[in-house]
Amino acid sequence: MNAGLSRSFPRMNKAIPILLMLSFGGSVFYGASGLQHNPTAPAQSGPGGETSNPVDSIPNGTNGRDGIPADSVEIVYETDSVAVDTVNWDKYVTLQDMVITATKAAVVAKQDTMEFNAGSYKTAVNANVEDLLKKLPGVEVDADGNIKSNGKTVSKILVNGKEFFADDTKMATKNLPSELIDKVQVVDRKSDFSRLTGVDDGEEETVINLTVKKNMQNGWVGNVNAGYGTDNRYEGAFNISTFSDKNQISIVGGANNINELGFMDRGRGRFGGFGSSGGISNAQRIGINFNVGKDENLRFGGNVFYSHSDRHAMSQTETQFLLPDSTSYQHSGSDTRDRGHNVNANFRLEWKIDPYNTIDFRPTFSFNHRSSQLVDTTQLNAGDLLRTLVNSRENRSANSGNSWNAGGYLIYNHNFQSRPGRSFSIRANYSFSNTRQYTTSWNDIIYYLQQDDSELQYRLTDNRQWTNGISGQATWTEPLGDVKKGNFLEAMYKIDYRFNNADKNTYDLPEGTGTWQDAVMDYTLVPADATFNPEVSNQFRNTFVTHTLQLGYKKVSSKMNLQTGLEFSPSGSKSTDLIDAARNIPMHWVYNIAPYFRFRYRFSKTRSLRVNYRARTTSPSLTQLQPVADISDPLNIRIGNPDLKPTFTQSLRFNYNNYNENTQQSMFAMLNGSYSTNVIVSRTRTDANTGIRTTQYTNANGNFTVFGMFMINQPLPNRKWRFSASLRGSYSSMAGYINDDFNRSGNLNLSPDLGMTFSCDVFQMSVRPTYSFNMATNTLATQPNRYTHTYGFRSDATLTLPFGLQFSTDLAFNKSTGYSAGFNSTTWIWNAQLSYSVLRDKSLTFSVRAYDLLGQNDNITRTVSAGQIVDARYNNLTRYVMFGVSWQFNTMKSKKTSNAPDDPFPGGGPGFGRGPGRGPMGPPPGGRHF
């Protein structure tokens, strides 16, 4: 840098950890220990109240702090909000080859938030948010798009702090492009009610907040892409968003047959006997999301969307039934076609009437239609040396159903102006649902240990459930003494009242020709020649009521939050059967009283500890209560128990976060444990001659689960390499009965994970070795311990060249041992993409993508319980090549010409790079707008 050159840096009021490195005369200095400054310069205040001093002078020809020579200088900021004023060099020293680099930390852990800098994790051109999440340490995305962070399920996706398509996480992850995202924040937060009223109700959720890059505050942004490939694979999608003065409207849509569902397939959970896991899906969707209002006082938002899915799933399953004196083996296979139409609408009104009164109103509505056809076969063999055949079954069934749901809740909170700290809040909920499903089933069963004994069933079941629920809650908070001392008394009363009506009317149908090849009729009305079967039918009218009274103490200070108290919760239920009064369940009450304890201590802004204890009562389901045989699977009959008691579960959780701003090291640890009494367990009896398994339910004590995780993320001194490591472990103990013999199964899982990432201006590569160990144990002496090992690695790389060419690839190796015969696997999954971006702003991109180049994609799962071990394999999407084109548009101001507050180096250009992934080459393919 020549003498006389002056460079002005705009004030940055965005809270980010930042490292500034200056290189003079071949020497590089960097760190996070403080700011070199003239002690006489006036302090500058940041938005959070913290202060820093501008660089005003550097003595020429003398040593600075710690003996740094005059031809060197260190500019480092420790605070979250950084003020950088004019650095005027012409008075002091002639500098050579000056390079200034700003690097955001890849991961920051603060209190209840893990924050990832999206720019530290390169993704391919046209990648979506899901592709970005898969690269984040501690975040898991399964084959269906469900997200977990540190073992906890993510329930919502927020965009700039606002809900995006309610609780449908896939809506954001599969439709928003990753290039929009500046930061990904994984947040453990309280419920909507707690955040609005300040009263902690013990309910928590894990959400992900996506912050959009700061140059997208006003204008239009979006992209459109389409692709077609081998095996008739296709995809097409669009998303268009407009931002204006904190208002946002987004329209998204698409269609494909590569398992990108886009919207959560909610309808599946409201019906019985529909589909299975895995499979290959065609999906189409369209939806709108909005959040508008005037400032933050009155906001109106919501979403409306429609989706259709058509899933074809095939499976093979090997089940080991654990008997007191042996193990029997069942082989089964199924072929399912499952189709659904879903319409969902969710709205929210947030009105801050004045500083003391707030209203939050959220209505919902949905309609779901589903139909499916299933063909499956099963074969059961005894555990003797000859594996004697016990029974076999051939089944064909058809399902068709509709479901209507509506409801909403209203929260009102009032803070008393005359008494700071005193507040009153009420909450009212209403819900309605009506689901009706027709199931036609044809079963041909042969019992080989009984001569000339077989069974042919052809039945129609008309299954309907309709529910009304209403609840109300009132909460009072009273300060104890001076409100500034942070002592409060909290009182809460809540009542839940729910009516559930369940009709299951079963009809015997004429057998017709009775051949396996005959198609099963898909009835939506009961035919005239059907015969009602009262023995396997029921018409229940059920009532559930729960009262909750909570009294507690809260302490709030700058470093500590404490809440503790007692909760008294009586609950009652009754059931009436209109067909058979002998199956009535009279009203019975269960009373539980339990303490609660929630504690948080902040050692600093970046280091905190949380401890939560809570207890919860869970009532049995209708299926578990109703003393009527469910024979939809004639070889696996289930019968409820009206004498079941509610399950009482106590849980304890520890969370510790630490982030070191000097080294950019992020650390997270957590330990969760739960213990349950009166847990509802299965009591299974197996008929030795027929192999029919009849399962009833009973209460048992002593079920517990422990889960722990430790994660560390550390960039190396040169900042181009980043190291991450995690260890997850869990152990669960589950009770059960097998032919009246008690069995307790244990399941231990250990999963260490390592990762190393290299990142520079044009290239990023990461490697992650993986390993998982699972041990299943049983207290039955005849059942040996079973061990499975899964190990491999995941690796990906992205090369981005300045003229718009990008190549990305990922490779995963997975090997498993210890499964049932034929289910151990060794797979290599290799994907690759080559793309080229054209036009002046690189907004038009052509690409070719190869998925599963080696054709080895497999889907194998293992499930362990007290009575059985299930190994399953499902059909999955395999090798294809797809050619695509995408266009991205943006009417926002370009960063290159704006002086946006978050751009510390306006103008870019050689010598003033933008950190990893940018540098002298400018923006990545796809344009500067993201």
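**Salt bridges, aromatic pairs and nonpolar groupings**

In the predicted model, Arg 393 and Asp 376 are joined by a salt bridge in which the closest N and O atoms are 3.3 Å apart. The pair links distant parts of the chain, with Arg 393 placed in strand S23 (residues 389-415) and Asp 376 in strand S22, 17 residues apart. Both partners, Arg 393 and Asp 376, are buried.

This bridge belongs to a total of 15 salt bridges. Another is formed by Asp 338 with Arg 370, where the closest N and O atoms are 3.2 Å apart; because Asp 338 lies in strand S21 and Arg 370 in strand S22 (residues 357-381), the pair ties together parts of the chain that are 32 residues apart in sequence. Asp 338 is buried, as is Arg 370. A further salt bridge brings together the side chains of Glu 490 and Lys 554, at 3.3 Å from N to O. Here Glu 490 belongs to strand S26 (residues 487-508) and Lys 554 to strand S28 (residues 538-556), so that the pair links distant parts of the chain, 64 residues apart. Glu 490 and Lys 554 are likewise buried. Salt bridges also link Glu 350, Asp 360 and Arg 362 into a network.

Aromatic contacts were examined across the whole structure, and the search finds 22 aromatic pairs. In one of them, the rings of Phe 300 and Phe 347 have centres 6.4 Å apart and planes at 10°, and the pair is therefore classed as stacked. Phe 300 lies in strand S20 and Phe 347 in strand S21 (residues 327-354), and the pair links these distant parts of the chain, 47 residues apart. Phe 300 counts as partly exposed, at 38% relative accessibility, and Phe 347 is also partly exposed, with a relative accessible area of 29%. Together with Phe 290, Phe 300 and Phe 347 are linked by ring pairs into a cluster.

A second geometry is found for Phe 704 and Tyr 731, whose ring centres are 6.0 Å apart and whose planes meet at 40°, so the pair is tilted. It links distant parts of the chain, since Phe 704 is in strand S37 (residues 703-715) and Tyr 731 in strand S38 (residues 721-738), 27 residues apart. Phe 704 is partly exposed, with a relative accessible area of 31%, and Tyr 731 is partly exposed as well, at 28%.

Nonpolar residues were considered both at the surface and in the interior. A nonpolar patch on the surface is formed by Ile 249, Ile 251, Ile 286, Ile 288, Val 304, Tyr 306, Val 343, Phe 365 and Trp 404, which together have about 700 Å² of accessible area. Strand S18 (247-256), strand S19 (280-294) and strand S20 (298-322) are the elements that give two or more residues to the nonpolar patch. Val 304, a residue of strand S20, is partly exposed, with a relative accessible area of 33%.

The largest nonpolar core contains 35 residues, of which Phe 116, Leu 133, Ile 147, Ile 181, Val 184, Ile 208 and Leu 210 touch the most other members. Leaving aside residues up to four places away in sequence, Val 184 touches Met 114, Glu 115, Phe 116, Leu 132, Leu 133, Leu 136, Ile 208, Asn 209 and Leu 210.

Note on methods:
Residues are numbered from 1 along each chain as its sequence is written. This is a predicted model: local features need pLDDT of at least 70, side-chain atom pairs count only at pLDDT 80 or more; totals for chains, interfaces and linings use all residues. Side-chain values use heavy atoms; hydrogens and water are left out. A nonpolar core is a set of buried Ala, Val, Leu, Ile, Met, Phe, Trp, Tyr and Cys residues joined through side-chain atoms within 4.5 Å. Buried means under 20% relative accessible area, exposed over 50%, partly exposed in between (1.4 Å probe, protein chains only). Contact means heavy atoms within 4.5 Å. Patches are made of residues with over 30% relative accessible area and no salt bridge: like charges are joined within 9 Å, nonpolar side chains (Val, Leu, Ile, Met, Phe, Trp, Tyr) within 5 Å. Accessible areas come from the Shrake-Rupley method with a 1.4 Å probe; for residues, only the protein chains shown count as cover. A salt bridge is a side-chain nitrogen of Lys or Arg within 4 Å of a carboxyl oxygen of Asp or Glu. Helices (H or I, at least four residues) and strands (E, at least two) are DSSP runs, numbered from the N terminus. Rings of Phe, Tyr and Trp (its six-membered ring) pair if their centres lie within 6.5 Å; planes under 30 degrees apart count as stacked, over 60 as edge-to-face and the rest as tilted.
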